Amino acid sequence: MARFLKNRKILMGKSPGEIHFVGKQKMEQVRIRLMSYNAQNIYESEHESIAPAISAFKTNSLNWLNIDGLHDKAVIEEVGKHFGLSPLVLDDIVNTDQRPKMVEDGNNLIVFLKMLSFNELENRISAEHVTLVLGNNYLISFQEKVGDFFEPIRNRLRQNIGRLRGSTPDYLFYRLFDTIADNYMLCVGLLGEKIEADETHILKNHNKEIVNNIYRHKIEISYLRKAIRPAKEVSTQLKNIETELINSSNDPFFNNLDDLITQTLETVEIYHTMTGDQLNMYNTNINNSANDVMKVLTIFAAIFIPLTFIAGIYGTNFDYLPELHYRYSYFIMLGVMFILALLMLWFFRRKRWL
Amino acid sequence: MARFLKNRKILMGKSPGEIHFVGKQKMEQVRIRLMSYNAQNIYESEHESIAPAISAFKTNSLNWLNIDGLHDKAVIEEVGKHFGLSPLVLDDIVNTDQRPKMVEDGNNLIVFLKMLSFNELENRISAEHVTLVLGNNYLISFQEKVGDFFEPIRNRLRQNIGRLRGSTPDYLFYRLFDTIADNYMLCVGLLGEKIEADETHILKNHNKEIVNNIYRHKIEISYLRKAIRPAKEVSTQLKNIETELINSSNDPFFNNLDDLITQTLETVEIYHTMTGDQLNMYNTNINNSANDVMKVLTIFAAIFIPLTFIAGIYGTNFDYLPELHYRYSYFIMLGVMFILALLMLWFFRRKRWL
Amino acid sequence: MARFLKNRKILMGKSPGEIHFVGKQKMEQVRIRLMSYNAQNIYESEHESIAPAISAFKTNSLNWLNIDGLHDKAVIEEVGKHFGLSPLVLDDIVNTDQRPKMVEDGNNLIVFLKMLSFNELENRISAEHVTLVLGNNYLISFQEKVGDFFEPIRNRLRQNIGRLRGSTPDYLFYRLFDTIADNYMLCVGLLGEKIEADETHILKNHNKEIVNNIYRHKIEISYLRKAIRPAKEVSTQLKNIETELINSSNDPFFNNLDDLITQTLETVEIYHTMTGDQLNMYNTNINNSANDVMKVLTIFAAIFIPLTFIAGIYGTNFDYLPELHYRYSYFIMLGVMFILALLMLWFFRRKRWL
Amino acid sequence: MARFLKNRKILMGKSPGEIHFVGKQKMEQVRIRLMSYNAQNIYESEHESIAPAISAFKTNSLNWLNIDGLHDKAVIEEVGKHFGLSPLVLDDIVNTDQRPKMVEDGNNLIVFLKMLSFNELENRISAEHVTLVLGNNYLISFQEKVGDFFEPIRNRLRQNIGRLRGSTPDYLFYRLFDTIADNYMLCVGLLGEKIEADETHILKNHNKEIVNNIYRHKIEISYLRKAIRPAKEVSTQLKNIETELINSSNDPFFNNLDDLITQTLETVEIYHTMTGDQLNMYNTNINNSANDVMKVLTIFAAIFIPLTFIAGIYGTNFDYLPELHYRYSYFIMLGVMFILALLMLWFFRRKRWL
Amino acid sequence: MARFLKNRKILMGKSPGEIHFVGKQKMEQVRIRLMSYNAQNIYESEHESIAPAISAFKTNSLNWLNIDGLHDKAVIEEVGKHFGLSPLVLDDIVNTDQRPKMVEDGNNLIVFLKMLSFNELENRISAEHVTLVLGNNYLISFQEKVGDFFEPIRNRLRQNIGRLRGSTPDYLFYRLFDTIADNYMLCVGLLGEKIEADETHILKNHNKEIVNNIYRHKIEISYLRKAIRPAKEVSTQLKNIETELINSSNDPFFNNLDDLITQTLETVEIYHTMTGDQLNMYNTNINNSANDVMKVLTIFAAIFIPLTFIAGIYGTNFDYLPELHYRYSYFIMLGVMFILALLMLWFFRRKRWL
């Protein structure tokens with residue numbers, strides 16, 4: 001299956017807004033969790049369906065509804081109905097191939113992102129589709145599976161660390177996006193370490209494993225870029241957006257976020273160039289090595305082939321071959337051979353092959 | 001015939017707007033089909049010429065006129081006369097080489113596109129010229145041949161699935177464009193799968209077929225890009241256009257469409273880079289392999305050529321060659337040879353060729 | 001002489017507007033032809049100098065003055081005086097190195113272009129400097145030599161085909177530019193066919209001619225690009241220009257023209273990339289072939305060199321070499337050799353060299 | 001540790017504005033130095049903590065507070081409280097990975113930069129994080145360690161050379177930034193000299209050291225670019241900024257600064273291209289050399305292998321081998337061999353291998 | 001010394017506007033020449049210092065002050081004082097590393113440029129720093145040494161050729177800039193000829209000199225680009241500038257100038273690409289040649305090594321080797337060898353190596 005385009009089996013002629021989950025189902029049942037909190041109180045609850053979750057919303061509180069699992073059409077549609085999300089948006093929420101983007105829909109601000117994680121064993125980045133819906137007193141997050149990326153945020157809420165508990169939904173929204181962006185940085189860093197680690201191997205010895213590594217790294221870098229570039233577009237839009245959903249007092253945070261993603265992208269570009277340079281280096285080293293091999297071959301061949309030829313001449317069985325019968329012929333031959341070999345060595349020395 | 005420029009035999013000095021069909025005629029007779037529908041009723045009819053088709057138009061209905069086959073000048077001109085299309089536009093309709101673009105002409109909005117299809121056997125993308133003409137209560141579509149790309153839309157109309165039946169012509173217009181764009185995605189996906197499939201072959205074994213594959217893929221990617229890039233321009237124009245023909249309530253659909261094509265183009269770019277990387281990888285692997293071959297050759301040559309030389313010396317027939325007459329000469333020679341061979345092996349070992 | 005910069009011997013310190021023809025004189029005498037026409041009548045005449053030609057201008061008619069040959073300073077200056085062209089413009093008219101551009105000067109709109117032609121035998125694009133001067137009731141065209149590029153237009157005028165006879169000078173102006181642009185397309189197409197034709201040669205067999213071809217094609221593509229890119233700038237300027245010399249009713253034609261040149265440029269870019277890919281392919285094929293050659297060499301050497309060594313041992317003339325005297329020694333040796341050869345073959349088989 | 005991303009161990013879920021120093025602590029204790037000066041007087045003092053330093057501020061003077069060492073959270077936070085810096089800014093001050101940027105915060109203008117230094121022995125650029133905070137009558141500079149980059153400025157202040165003593169804080173701000181930018185130029189120049197020095201080595205002889213050099217230079221150039229590119233953004237912003245903190249009379253200085261950084265960046269790009277060309281050159285030279293090696297091998301082999309074969313034939317021990325018994329056979333064989341060798345030499349001469 | 005950054009030994013901490021000449025002093029003493037002219041009269045004088053030169057200025061005349069040699073700080077400062085040039089500008093005048101740019105300062109328009117010259121023997125472009133200061137009735141030009149680039153202009157003034165004598169300073173300003181730009185074209189043309197001349201050498205034979213040539217050309221092209229690119233920025237600024245110092249009637253000249261530099265830059269880009277293509281071509285040719293060499297080697301080896309092996313077998317001295325004693329053994333062996341050789345030849349023929 002093509003990795004850069006997961007669900008190509010698009011139902012031709014499908015209406016826009018008909019919700020079709022086309023990704024790989026990553027968990028059995030949809031998990032619906034609600035956190036309602038304000039500076040004073042925090043309530044956590046888990047629900048089997050959307051309706052009870054929504055009726056558990058607290059006024060005077062920020063309600064964070066987290067939905068893990070995108071395969072249950074009914075759940076998605078119910079969310080859409082309650083919060084006034086258009087079918088197009090709902091379709092994008094379940095379309096795990098959806099490119100990161102920002103949409104304003106009714107009273108909501110929706111951001112589609114990719115959550116990346118780096119599998120160090122397989123040397124492979126994998127992506128998960130995440131949607132954040134920001135409303136006036138709620139935030140809804142959709143994930144493909146129960147990930148623990150947002151767990152640190154939840155713990156901070158529970159223990160009331162930092163500014164989260166007393167803040168507006170846009171701050172939570174910022175923090176979740178920021179968590180995802182931090183994670184980009186983390187992935188780039190992990191991949192980057194591997195890339196830089198190859199460097200010494202390339203310069204020192206050159207086993208073939210490294211070629212595969214470099215190629216794999218190139219692919220992963222492309223993959224990272226595909227996820228982060230449009231996320232940069234989103235963060236820039238958020239920086240400049242005029243909406244009542246985002247307090248202008250939080251602008252510095254969104255500036256900072258945009259900054260972070262810019263820096264990540266620039267680092268990605270540097271590693272991209274670096275893998276290309278590594279491949280070139282590797283090739284140059286192979287060429288160098290091939291050259292050395294051939295010099296060894298040529299030196300051996302050029303020295304011994306003529307000598308063997310001379311020996312061959314005196315190995316012939318002609319009745320009349322006068323040199324054979326002189327007393328010192330053999331030693332003269334050896335002497336000539338020795339001088340020839342020295343001449344060859346001097347020749348190769350002068351050519352700087354030795 | 002140059003593939004990237006099909007009909008170069010342009011009639012120099014030809015007037016603009018003189019209609020000359022220059023493509024390859026793909027069907028014998030032009031086929032004219034009409035669908036008139038509204039929320040309540042739907043009528044389908046097929047006509048031999050344009051005039052009766054137009055007189056079959058229903059008021060209070062959306063009239064979708066589909067014309068398959070571009071070679072009949074009379075048909076095209078009659079359409080032009082009825083709907084107020086200028087000769088330049090008519091010429092572009094039959095010019096199968098026309099680059100995708102958007103034109104406003106009189107009361108019509110015209111979009112020229114390429115419908116792509118991927119022949120998996122030949123590994124080859126082929127393109128068909130499609131024109132969509134959007135008017136206030138009609139939509140005219142021109143195709144080179146009877147394709148079934150629009151068939152799913154027709155079936156949905158017949159069975160009244162989704163929002164199509166109750167919508168305005170711009171929605172149908174959107175749906176047809178969207179079908180074409182979905183198809184781009186499909187082609188990219190199919191080609192992408194083939195490209196990604198090559199990957200393992202390149203890393204594992206390297207037969208020569210693969211070089212041809214990579215080259216072919218590069219060409220096909222160029223071909224895709226040539227069709228999709230200007231389609232992106234069109235979709236962006238549609239997103240921003242101010243016209244009475246498009247309801248602002250349908251704006252989200254056109255945004256979504258532009259999005260889809262952007263994503264397709266980005267994926268095309270990734271595959272473009274990937275094929276380049278694959279060629280580099282392949283070359284590196286060949287170099288590696290050549291290096292190995294040469295090492296084997298050099299090891300054999302460097303070990304046995306000197307030994308053969310030694311044997312050659314004692315194969316000479318000199319009358320006076322003292323070593324020949326010592327009792328253990330032969331075994332000493334064998335011993336020396338053995339030691340020499342070991343020395344060579346140690347030498348190559350140290351050089352890490354073994 | 002540098003091809004991409006024909007007349008580098010610029011007279012340092014020369015005043016701007018001092019007219020110096022620096023190209024290669026392509027015809028002996030300047031040829032001045034006049035066509036005056038309107039919907040009813042057409043007059044053609046040829047003149048020895050400018051003054052009589054201008055006095056033959058008809059009012060109520062469109063006067064098309066065509067001047068072939070740029071080397072006669074007096075002719076150029078007289079044209080300048082009559083139509084109010086500044087010395088700078090006159091200098092650009094005779095400067096065959098002038099880059100395509102558009103200038104408004106007094107009551108004239110002047111366009112400098114390159115007329116390209118493709119010599120299929122030499123595989124070479126050649127360019128001719130063309131200037132079009134559009135006035136309120138006249139059009140003046142300058143060419144380096146008597147070309148027949150504009151002949152089809154003249155014939156249409158004579159035979160009153162199409163819209164030309166009844167139109168304003170800007171339409172004639174458009175038609176001449178369009179003829180030149182059609183010609184770009186034609187050149188690109190012819191060169192493109194040659195480029196695509198090489199493709200199969202590269203993939204099948206690889207003689208060295210092809211490298212030269214690819215290189216030549218690359219140069220020609222650069223040459224095409226150098227002429228067409230600034231022509232694109234001109235056509236875009238014409239599309240957007242506000243001048244009384246161009247009727248707004250002719251805008252669609254200029255849009256179409258800009259379109260045509262855009263498409264040509266895009267095709268040029270594709271062929272540019274393609275020639276680069278072809279060179280890469282060719283190199284990969286050479287590498288592959290070199291690899292094969294070396295495998296053959298290595299297999300032969302690795303099999304026979306050790307065997308020859310063994311034979312060499314038993315060719316030595318030692319007095320005491322016991323194996324020589326056993327009855328089956330010879331056959332044992334042959335057997336050992338056979339087994340060795342089989343082992344080598346198996347080894348190379350396993351390495352997939354056979 | 002990945003060099004292009006030093007502190008990837010980001011504490012996921014950390015609040016923005018929680019100050020975490022993540023770099024490598026480069027000095028034991030934070031050093032706080034104050035210079036208060038005006039045209040008449042100058043006072044220097046060193047303090048153990050921030051509070052006394054601030055209370056030593058002089059009115060009617062420019063107060064330059066220099067803080068070396070970023071690891072002491074208390075110091076940073078106290079500075080923040082006194083001068084109204086937001087937690088986000090404070091976090092950026094201690095985040096040694098922070099990308100160069102400009103921020104306006106309250107009454108301050110803050111610029112984050114990288115101070116580069118080139119270690120000529122290791123051929124390595126290293127970067128230090130520097131922050132400049134410009135207020136209405138003070139300037140605060142943060143450095144990772146006690147560097148002497150700003151020492152020349154201090155000496156000029158002490159000795160009252162140039163315009164510094166009588167100027168406003170923005171001029172000091174400019175001078176510090178300019179010092180950093182001069183330093184970029186210096187680093188580029190030092191690295192550039194090394195790059196240009198390699199040139200002759202590449203063209204003359206080719207030892208393998210050079211490949212590593214070229215690769216190292218490429219990496220260092222990337223590193224330079226990563227620091228200088230965003231600094232260019234900052235200098236351009238400063239050029240265009242409208243703030244009361246910068247006197248418009250100092251605009252030419254900031255224009256000049258932007259100019260300097262632009263020029264530096266352009267030079268960086270040239271060296272970037274140059275290292276790429278050097279690698280290409282090196283590869284071409286290796287290929288050339290390999291070609292020569294192989295020609296030598298082939299000439300030796302092609303001349304002597306056939307001759308050895310001939311000698312081999314007459315070394316066989318057939319009972320009936322008539323040539324062996326003719327008187328001049330041996331000399332005829334030698335003659336034939338000589339002629340064969342001459343023929344081969346002539347053949348290789350014609351092929352221009354000799 | 002790094003060529004692309006001549007005077008890296010920047011005095012860290014130096015005040016901006018402190019004038020430090022850092023280039024290589026190219027002449028012993030500063031030479032100050034004045035030309036005062038109007039349509040009627042022309043006066044030329046040479047002065048030892050600035051003050052008398054300025055007092056020799058004529059009103060009602062255009063005063064062209066030409067200063068050759070930048071190393072005398074006193075001269076530069078006196079010019080600055082008289083014409084109101086800021087220290088920053090004065091510093092840029094003597095800074096031979098200054099990037100081309102345009103500055104407006106007080107009542108002057110200042111342009112910094114590079115005058116290029118091509119040393120055909122050394123194949124090397126060298127640059128000289130030139131400054132033009134345009135005032136209301138004067139023009140001051142600074143050069144590093146007494147060059148004769150402006151001599152043709154002086155002669156035209158003396159002999160009153162062309163429009164110069166009756167024109168305003170901005171026209172002289174234009175003419176000097178134009179002379180410099182013409183010179184760019186000349187340099188590009190000369191270098192281009194050398195580049196195009198290499199072409200045939202690359203395709204025909206391939207000696208190693210050419211690699212060095214190509215590399216040198218690449219460097220020189222970079223050098224040209226570094227000087228011309230910012231000059232293009234300057235010419236574009238001049239085209240669009242609104243200043244009283246430039247008569248709008250001279251606008252066409254500045255348009256023309258911008259045009260000329262654009263064309264030069266485009267040609268530079270083409271040659272840049274061409275040198276890259278040449279290197280590729282050269283490499284391909286080497287690969288081709290290496291391939292041929294190896295084929296020759298392989299053919300010789302593969303034919304004669306097996307034959308020598310056969311001869312070796314019958315050269316062994318086994319007591320019992322039956323074939324040796326048959327009467328026709330020798331001839332059978334020769335026959336078998338002949339057939340084997342033919343088979344090999346046929347094999348290589350089929351592989352198209354022969």
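Which residues does C:Q98 touch, not counting residues up to four places away in sequence? Keep that one in mind while you get your bearings; we'll come back to chain C shortly.

**Before you click**

What you have open is a predicted model. The predictor gives the complex an ipTM of 0.79, along with a pTM of 0.84. Colour chain A by confidence and you'll find an average pLDDT of 87, with 95% of the residues scoring at least 70. For whatever falls short, the usual caution holds: where pLDDT is low, the predicted coordinates should not be read in detail.

**Stop 1: C:Q98**

Select C:Q98, in the loop between α3 (87–94) and β4 (101–105) of chain C. Here's the reply to the opening question: C:Q98 touches C:D92, C:F112 and C:H129. Show C:K114 as well. C:K114 is 16 residues from C:Q98 in sequence, and the C-alpha to C-alpha distance between them is 9.1 Å. Is C:Q98 buried or exposed? Neither, quite: 19 other C-beta atoms lie within 10 Å, so C:Q98 comes out as partly exposed, since buried takes 20 or more.

**Stop 2: C:S117**

Stay in chain C and pick C:S117, which sits in strand β5 (residues 108–119). This residue is partly exposed too, because its count is 15 C-beta neighbours inside 10 Å. If you want a distance to draw, try C:L34: that residue is 83 residues from C:S117 along the chain, and their C-alpha atoms are separated by 25 Å.

**Stop 3: where chain C meets chain B**

Now bring up chains B and C together. How many residues does each chain put into the contact? Chain C puts in 55 residues and chain B 50 residues. On the chain C side, select α4 (151–159), α5 (169–203) and α7 (251–314), each of which supplies at least two residues. The biggest giver on that side is α7(C), with 31 residues. Recolour the chain C side by class and you get 22 nonpolar, 21 polar and 12 charged residues.

Next, see whether chain B uses the matching patch. Only 16% of the interface residues of chain C are also interface residues in chain B, so the copies meet through different surfaces.

Try superposing the two. A turn of 72° with a shift of 0.0 Å along the axis lays chain C on chain B with an RMSD of 0.1 Å. That is how a five-fold axis relates its copies. To find the axis from chain C, go to C:G315: its C-alpha is the nearest one in that chain, 4.5 Å away from the axis.

**Stop 4: strand β3 of chain B**

Hide chain C and select residues 62–68 of chain B, which form strand β3. Six of the seven residues are buried, so the rest of the structure largely encloses this strand. What does β3(B) pair with?

- β1 (residues 31–37) of chain B runs antiparallel to β3(B), joined to it by seven bridges. Use B:R31 as your marker, as it stands opposite B:D68.
- β7 (residues 138–143) of chain B pairs with β3(B) in the parallel sense, over six bridges. Here the marker is B:N63, whose bridge partner is B:Y138.

**Stop 5: helix α3 of chain B**

Still in chain B, select residues 87–94, helix α3. Six of its eight residues are buried, leaving the helix mostly covered. Show these as sticks: B:V89, B:L90, B:D91, B:D92, B:I93 and B:V94. What covers them? The cover includes α2 (73–83), β4 (101–105), β5 (108–119), β6 (124–134) and β7 of chain B.

**Stop 6: two positive phi values**

Most residues other than glycine have a negative phi. Here are two that go the other way.

First, B:N123, in the loop between β5 and β6 of chain B. Its phi is near 60°. With 16 other C-beta atoms within 10 Å, B:N123 is partly exposed.

Then jump to chain D for D:R352, in the segment after α8 (329–350). D:R352 has a phi of about 65°. This residue counts as exposed because it has 11 C-beta neighbours inside 10 Å, and the exposed class covers 12 or fewer.

**Last stop: chain A**

Finish by colouring chain A by domain: the domain assignment gives domain 1 (31–285) and domain 2 (290–350). Drop a centroid on the C-alpha atoms of each, and the two centres lie 74 Å apart.

Definitions and conventions: Residues numbered from 1 in each chain as written. Chains lettered and ligands numbered in written order. Predicted model: local features only at pLDDT ≥ 70, side-chain atom pairs only at ≥ 80, totals over all residues. Contact = placed C-beta atoms within 7 Å. Helix = DSSP H or I, 4+ residues; strand = E, 2+ residues; numbered from the N terminus. Nonpolar A, V, L, I, M, F, W, Y, C, P; charged D, E, K, R; others polar. Least-squares fit on C-alpha atoms with pLDDT ≥ 70 in both. Pairing = 2+ DSSP bridges. Domains from an automatic or database assignment. pLDDT = per-residue confidence, 0-100.
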